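Biologist: I would like to go through this protein with you step by step, as one would with a first-year student. Could you put the sequence and the structure in front of us before I begin to ask?

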Amino acid sequence: MFAVIKTGGKQYRVAAQQKLTIGRIAGDVGSTVELGEILALGGDTPSFGAPFVEGARVVAEIVEHNRADKVIAFKKRRRQNSKRKRGHRQEHTVILITDILAKGQEADAKPKAAKKAAPAKSDAEAPAKKPAAKKKAADEAAKTEE
């Protein structure tokens, strides 16, 4: 199933478990947001809104907030000793689409994509402290020479 959403004056085609970079939206990293401006729902029985699909919503999780590369607006008027340079960085939000819900559907209690935890390193896997052993051997050799 897919949906066409509208946010920040732009339209995006989204599917479940898709990461998407959109214009900045309010919310903390890790929080869940619901996008309610759904223009179309696709799948077995597609439905289109006029302008929005009634009761449909997309549930997403905020992954991170970041900024785009700097765009420089440089204007120069030749032979007038006049120039202007301005820079701008657009703010973005990266979201993960967790669920697409039609009218009357409820969101799952747990997200579909479970985050995998990194395996913890045990003491046996830790590298041995060889430099300390070399230093002790060098100190003992220096004492025996004296």
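Biologist: Between which two strands is the loop that holds K70 found?

Modeller: Please keep in mind that this is a predicted model, so everything I say rests on computed values. K70 has a relative accessibility of 56%, and because exposed means over 50%, K70 counts as exposed. As for its place in the chain, K70 is found in the loop between β7, which covers 57-67, and β8.

Biologist: Which residues gather with K70 in a patch of positive charge on the surface?

Modeller: K76 of this patch stands opposite K83 in β9, and K83 belongs to the patch as well. Besides K70, the residues that gather there are R67, K76, K83, K85 and R89.

Biologist: How many bridges pair strand β8 with strand β9, and in which sense do they run?

Modeller: One of the pairs in this hairpin is R77 with its bridge partner S82 in β9. Taking β8 as residues 71-77 and β9 as residues 82-88, the pairing is antiparallel and runs over seven bridges.

Biologist: What is the count of buried residues in β9?

Modeller: A residue is called buried when its relative accessible area is under 20%. Strand β9 has seven residues and is hardly covered, and the count of buried residues among them is zero.

Biologist: Which residue in the hairpin of β8 and β9 takes a positive phi?

Modeller: Most residues other than glycine have a negative phi, so a positive value deserves a second look. The hairpin has four residues between its strands, and the residue in question is exposed, with a relative accessible area of 69%. Although it is not a glycine, its phi is about 60°, and its name is R79.

Biologist: In which loop does Q17 lie, given its positive phi?

Modeller: Q17 is not a glycine either, yet its phi is about 65°. With a relative accessible area of 35%, Q17 is partly exposed, and its place is the loop between β2 and β3.

Biologist: Which strands stand at the edges of the open sheet?

Modeller: The open sheet is formed by four strands in the order β2-β1-β5-β6, with antiparallel pairing. An edge strand has a single partner, so one of its sides is left without a neighbour in the sheet, and this holds for β2 (10-15) and β6 (47-48).

Biologist: What is the bridge partner of I5 in β2?

Modeller: Strand β1, residues 2-7, runs antiparallel to β2, and six bridges join the two. In β2, the bridge partner of I5 is Y12.

Biologist: Why does the salt bridge of E91 and R24 tie together parts that are apart in sequence, and how many residues apart are they?

Modeller: The side chains of E91 and R24 meet in a salt bridge at 3.8 Å, N to O. E91 lies in strand β10 (residues 91-101) and R24 in the loop between β3 (19-23) and β4 (32-35), so the parts they tie together are 67 residues apart.

Biologist: The structure holds two salt bridges; what is the N to O distance in the one between E34 and R57?

Modeller: E34 lies in strand β4 and R57 in strand β7, so this pair ties together parts that are 23 residues apart in sequence. Their side chains meet with an N to O distance of 3.2 Å.

Biologist: Which two residues are joined by a cis peptide bond?

Modeller: Most peptide bonds are trans. In this case omega is about 0°, and the proline involved, P51, has its place in the loop between β6 and β7. The residues joined by the cis bond are A50 and P51.

How values were computed
Residues are numbered from 1 along each chain as its sequence is written. This is a predicted model: local features need pLDDT of at least 70, side-chain atom pairs count only at pLDDT 80 or more; totals for chains, interfaces and linings use all residues. Side-chain values use heavy atoms; hydrogens and water are left out. Two strands pair if DSSP finds at least two bridges between them. Patches are made of residues with over 30% relative accessible area and no salt bridge: like charges are joined within 9 Å, nonpolar side chains (Val, Leu, Ile, Met, Phe, Trp, Tyr) within 5 Å. Accessible areas come from the Shrake-Rupley method with a 1.4 Å probe; for residues, only the protein chains shown count as cover. A salt bridge is a side-chain nitrogen of Lys or Arg within 4 Å of a carboxyl oxygen of Asp or Glu. Lys and Arg count as positive and Asp and Glu as negative; His and the chain ends are not counted. The place of a charge is taken as NZ of Lys, CZ of Arg, CG of Asp or CD of Glu. Buried means under 20% relative accessible area, exposed over 50%, partly exposed in between (1.4 Å probe, protein chains only).
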